[in-house]
Number of protein chains: 2
Amino acid sequence: VSPERRIATFDNDGTLMTEKPVYTQLYFIMDRIQTLAPQHPEWEKEEIFRSLPAGAAEMIASMGKKGILELLAKTHAGMTTDEFATIVSDWIFTHEHPTLKRPYVDTAYQPMLELLAYLRSRGFRTFVVTGASQEFVRPFAEKVYGIPPHQVIGSSVKTEFKIVNTVPVLVRQPDLFLFTKMGGKVVGIQKFIGERPIAAFGNSHGDVEMLQWTTAGDGLRFGLLVHHTDGTRAAAYDTGLGKALDVAEQKGWTVVDMKTDWKTIFPRER
Amino acid sequence: VSPERRIATFDNDGTLMTEKPVYTQLYFIMDRIQTLAPQHPEWEKEEIFRSLPAGAAEMIASMGKKGILELLAKTHAGMTTDEFATIVSDWIFTHEHPTLKRPYVDTAYQPMLELLAYLRSRGFRTFVVTGASQEFVRPFAEKVYGIPPHQVIGSSVKTEFKIVNTVPVLVRQPDLFLFTKMGGKVVGIQKFIGERPIAAFGNSHGDVEMLQWTTAGDGLRFGLLVHHTDGTRAAAYDTGLGKALDVAEQKGWTVVDMKTDWKTIFPRER
């Protein structure tokens, strides 16, 4: 395979890092709500903010990605993208995952970090294709995976360019620009990368289309699903898998059994 | 400037390559229409196809980018993106620009090719941000500028993922996904690159917002406009400039006077 065609795409939550009990971005949103609440007395009226912290995770999860994106917009309005990136970068090093009891930066999977480094050493360009919001995962991916912002594809809202008091700004709009789950991951891949990956990595039914698209190309192709089988060191669950394992068997994709295949799950503590 | 922040963005038509008498993509569309016409008797009814070749360029130009994108969709429907890329790649080497009398591949500006190579040798990542259609410019940019598909941002229509007869495909939709002219260039930059360039290069009023956005950032910034002053070796025109030169003076952007600043305009013939 010629070097310029060596493209590998990775789902984020559950593939590169832990996603249980809830997605990392939900913890971030909850922390932001708690940090910002004193400045927002009007939030008192909204159920989502009142129920914090008990029950908030389930409630946010039930809102769907669109609701989550709107909530995220509310909890980080009024700052530039650079300021937001700094907040995220600080947060992943200073806040601790509630069940794993380690900073979020160290909730990535060690074997996947090694795989990313290995592929890049063999001339691959590695992309994150996440259903979570692009601007949350970008600062994250740069610090944790060494993947630059322009190689992170994710969900986002429309923006509009404006000049406000002689300063050019991008103003967020209430419409979705891209929702990168299921078929939306393939849409994002074609728009952002412009060519078909030769390897793709996922862990849930939301990644099936990306793996189908990747492995349907000509020549050597590789698809891999991470199967969460380790209830002791991490979390064991089949929720969110749908028919992904059946499709994997039918298509000949590799399935990683975390319990037996992974000697180490998380990076050594810093 | 740290290496990962070295990002430079370039307009295509009129900045990296000739855009006169009409945009390269218009010549491509006209050639496609002529190639495909025998298989499409129904085109007889449409003014745009009947008027070929006389007057077509002006007519297409007057349709605006949206109309052009729709026309492009019509003239390359029914093929995969890979097949389309091959057609474009072949075309730029085998077809001759009508006034410059050289293959389209050699209508790029030699000083800009040298600039791209120089910036990359200094650790820059170079991006094309074109108002033309992304899928036309991608194969072009890879062959002519050495810029990979994922570093080409351009206008495109929405696509939808579908499985057709067990084959995963992306189906083009009749809505615009992104229109990357004026403020749309900045929208595209934030979505695709995710950080502010430190240098930007353009030639028309459609590039002003990109240069404003780029040069409004902190630290060292560079904005440059190519001014088409050479009616002998290329084409001299101020159409499409709008107030760009005034803004350049006000903001301190560099303005290239093609006639006096560029010793060579086009690459040596192959």
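In this predicted model, the side chains of A:E142 and B:R5 form a salt bridge, with N and O 3.0 Å apart. A:E142 sits in helix α7 (residues 134–145) of chain A and B:R5 in the segment before β1 of chain B, so the salt bridge joins two chains. Neither end fits the label buried or the label exposed: A:E142 is partly exposed because its relative accessible area is 26%, and B:R5 is partly exposed because its value is 30%. Both numbers fall between the cut-offs, since buried means under 20% and exposed means over 50%.

A salt bridge also links B:E142 and A:R5, where the N to O distance is 3.1 Å. How many salt bridges does the rule find across the interface of chain B and chain A? The number is 2.

A:R5 has a further partner. It forms a salt bridge with A:E195, and here the closest N and O atoms are 2.5 Å apart. This pair links distant parts of the chain, since the two residues are 190 residues apart: A:E195 is in the loop between α8 (183–192) and β5 (199–202) of chain A, while A:R5 is in the segment before β1 of chain A. Is A:E195 buried or exposed? A:E195 counts as buried because its relative accessibility is 9%. A:R5, by contrast, is partly exposed, with a relative accessible area of 29%. Taken together, A:R5, A:E195 and B:E142 are linked in a network of salt bridges.

Over all chains the structure holds 12 salt bridges. One that lies within chain B joins B:D207 and B:K185, with the closest N and O atoms 2.8 Å apart. B:D207 is in the loop between β5 (199–202) and α9 of chain B, and B:K185 is in helix α8 of chain B. The two are 22 residues apart, and the pair is another that links distant parts of the chain. Both B:D207 and B:K185 are buried.

The next topic is the interface as a whole. Chain B brings 37 residues to the contact, and chain A brings 37 residues. The area buried between the chains is about 3,100 Å², and carbon and sulfur atoms give 62% of that area. Between chain B and chain A there are 16 residue pairs in polar contact, counting pairs with both residues at pLDDT 80 or more.

Which elements of chain B supply at least two residues each to the side that touches chain A? They are the strands β2 (125–133), β3 (152–164) and β4 (167–178), and the helices α7 (134–145), α8 (183–192) and α9 (208–215). The largest share comes from β3(B), with 7 residues. By type, the residues on this side of chain B divide into 17 nonpolar, 10 polar and 10 charged.

How are the two chains related? A turn of 180 degrees with a shift of 0.0 Å along the axis lays chain B on chain A with an RMSD of 0.0 Å. The two copies are therefore related as by a two-fold rotation axis. In chain B, the C-alpha nearest that axis belongs to B:F192 and is 3.2 Å from it. The same surface serves both copies, as 100% of the contact residues of chain B recur in chain A.

The backbone has some features to look at as well. Most residues other than glycine have a negative phi, and most peptide bonds are trans. With that background, what is the peptide bond from A:K20 to A:P21? This bond is cis, with omega near 0 degrees. A:P21 lies in the loop between β1 (7–10) and α1 (24–36) of chain A. In chain B, a cis peptide bond joins B:K20 and B:P21, with omega about 0 degrees, and B:P21 is in the loop between β1 (7–10) and α1 (24–36) of chain B.

The other backbone feature concerns phi. A:K101 is a residue other than glycine, but its phi is positive, near 55 degrees. This lysine is in the loop between α5 (81–94) and α6 (110–121) of chain A. A:K101 counts as exposed because its relative accessibility is 52%, just as the cut-off of over 50% requires. B:K101 also has a positive phi, of about 55 degrees, although it is not a glycine. The place of B:K101 is the loop between α5 (81–94) and α6 (110–121) of chain B, and B:K101 is exposed, with a relative accessible area of 53%.

Terms used: Residues numbered from 1 in each chain as written. Chains lettered and ligands numbered in written order. Predicted model: local features only at pLDDT ≥ 70, side-chain atom pairs only at ≥ 80, totals over all residues. Heavy atoms only, no water. Helix = DSSP H or I, 4+ residues; strand = E, 2+ residues; numbered from the N terminus. Buried < 20%, exposed > 50% of the residue type's maximum accessible area, 1.4 Å probe, protein only. Contact = heavy atoms within 4.5 Å. Buried area = accessible area lost by both parts, 1.4 Å probe. Salt bridge = Lys/Arg side-chain N within 4 Å of Asp/Glu carboxyl O. Polar contact = N/O pair within 3.5 Å; in protein donor to acceptor, adjacent residues only side chain to side chain. Nonpolar A, V, L, I, M, F, W, Y, C, P; charged D, E, K, R; others polar. Least-squares fit on C-alpha atoms with pLDDT ≥ 70 in both.
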